[in-house]
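Please walk through this structure starting from its metal site, then the bound ligand, then two details of the backbone.

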Amino acid sequence: MTISLSDIVNLNEYPIHDLNSKIYKELTAYCKNELDTIGCCVLSNFVQPNSINKMLNEINSKRSQVYWSDESHNPYFTKKDSSFPNNHPINSFGDRNNGYLNGDLIPEDSDLNILYHREELKDLVSNCLDIKPLFHWADPLAKNVYNCMDPGNYFPWHFDSNEFTLSILIQKADEGGNFEYVPNLRKPNDENFEGVKRVLDGDRENVRVLELEVGDLQIFKGRYSMHRVSKVEGKTTRYIALPTYTLDGWRVNTPEHARVVYGKVLPIHYERNVERADSLKD
Ligand SMILES: O=C(O)CCC(=O)C(=O)O
Ligand SMILES: [Fe+2]
């Protein structure tokens with residue numbers, strides 16, 4: 001059975017196939033303004049409820065293949081560095097517990113993969129960010145995953161290695177499991193360690209909290225906006241899909257990052273382990 005875009009996306013509200021329509025232009029202008037001012041945008045009820053159910057069934061049927069980790073890491077997923085003081089962000093480690101159903105385990109014909117590979121979605125993200133060209137992340141593990149957080153799990157402050165991430169909430173926690181972020185905390189060639197340290201020390205001044213609902217689509221700049229997921233409370237596991245985009249269609253995670261977060265290192269992680277063009281950590 002062929003799956004059409006309208007089976008997955010609420011095209012009535014979000015006609016992402018109709019790039020010349022007035023509503024498309026209004027939508028992308030709205031998103032661009034949100035991304036410029038508050039570093040992210042949320043499109044409510046973007047994914048059809050039936051498609052969300054299929055994604056949830058997919059996760060449940062593959063739960064035994066989820067890579068669960070219980071690790072400690074700094075915001076950059078790098079190692080401790082004794083050339084920096086102990087209280088420097090590079091030496092500030094937080095405990096993370098979560099699981100990923102990695103990208104290489106999600107079938108080609110999954111609704112999530114079909115959506116991710118549709119040009120309409122990439123065009124939407126590209127138009128909302130006003131960035132061209134934009135690439136699917138070349139990292140086979142990280143490019144498009146389900147993040148799984150059981151009750152009690154917490155995902156500490158960090159920056160992503162890829163520039164832009166979408167998130168689609170598949171199952172909401174009873175409580176907690178909120179996405180928190182600080183818009184544009186660092187930028188290319190400027191780590192802003194002082195600002196990062198203030199947030200790690202508990203300063204909430206620029207922290208924004210998003211309570212997403214199932215089916216919502218969020219676009220955020222994870223390489224520049226430090227973010228975390230607050231502790232999941234209650235009895236229900238939080239599941240969220242994370243399709244990703246980059247400015248560079250070649251680069252992948254470092255071997256260290258792949259091992260710590262996704263549980264394995266592939267040859268491509270060694271082959272493409274080069275300095276970042278933006279000089280930012282990881
Ligand atoms: O689960 C989320 O909302 C975000 C997870 C995240 O930041 C990540 O996987 O890098
Ligand atoms: Fe992240």
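Donors to a metal are here taken as N, O and S atoms within 2.8 Å of the metal, and water is not among the atoms, so sites may look incomplete. The model is predicted.

On that definition, the iron ion (ligand 2) is coordinated at 2.1 Å by His 158 through NE2, Asp 160 through OD and His 227 through NE2. Along the chain, these donors of the iron ion (ligand 2) follow the spacing H-x1-D-x66-H. Asp 160 belongs to the loop between E6 and strand E7 (164-171), while His 227 belongs to strand E12, so the pair ties together parts that are 67 residues apart in sequence.

The three iron donors also appear in the list of residues around ligand 1, which reads Tyr 100, Asn 147, Phe 155, His 158, Asp 160, Phe 179, His 227, Val 229, Arg 238, Ile 240 and Leu 242. By class, this shell around ligand 1 divides into six nonpolar, three polar and two charged residues.

Oxygen atoms of ligand 1 have polar partners in this shell. A polar side-chain atom of Asn 147 is 2.8 Å from an oxygen atom of ligand 1, and for a polar side-chain atom of His 158 the distance to a ligand 1 oxygen is 3.0 Å. His 158 is thus named both here and among the donors of the iron ion (ligand 2). In Arg 238, a side-chain N or O atom lies 2.8 Å from an oxygen atom of ligand 1.

How much of the accessible area of ligand 1 does the protein cover? On its own, ligand 1 has 290 Å² of accessible area, and the protein covers 94% of that. The space that ligand 1 takes is the largest cavity. Strand E6 (155-158), strand E12 (226-229) and strand E14 (238-246) are the elements that give two or more residues to the shell around ligand 1. Of these, E14 gives the most, with three residues.

Two backbone details remain. The peptide bond from Lys 132 to Pro 133 is cis, its omega being near -5°; Pro 133 sits in the loop between helix H5 (119-129) and strand E4 (135-136). Asn 45, in the loop between strand E1 (40-43) and helix H3 (49-61), has phi near 50°, a positive value in a residue other than glycine.

Definitions and conventions: Residues are numbered from 1 along each chain as its sequence is written. Chains are lettered from A and ligands numbered from 1 in the order in which they are written. This is a predicted model: local features need pLDDT of at least 70, side-chain atom pairs count only at pLDDT 80 or more; totals for chains, interfaces and linings use all residues. Side-chain values use heavy atoms; hydrogens and water are left out. A residue is near a molecule or strand if one of its heavy atoms lies within 4 Å of it. A polar contact is a pair of N or O atoms within 3.5 Å; within protein, one must be able to donate a hydrogen and the other to accept it, and residues adjacent in sequence count only if both atoms are side-chain atoms. Accessible areas come from the Shrake-Rupley method with a 1.4 Å probe; for residues, only the protein chains shown count as cover. On a 1 Å grid over the protein atoms alone, a cavity is a set of points where a 1.4 Å probe fits but cannot get out, and a pocket is an open set with protein on both sides within 12 Å along at least five of seven lines; lining residues have an atom within 4 Å of a point. A molecule sits in a cavity or pocket if more than half of its atoms lie within 2 Å of its grid points. Helices (H or I, at least four residues) and strands (E, at least two) are DSSP runs, numbered from the N terminus. Ala, Val, Leu, Ile, Met, Phe, Trp, Tyr, Cys and Pro count as nonpolar, Asp, Glu, Lys and Arg as charged, and the others, Gly among them, as polar. Donors are N, O and S atoms within 2.8 Å of the metal (3.2 Å for Na, K and Ca); water is not among the atoms, so sites may look incomplete.
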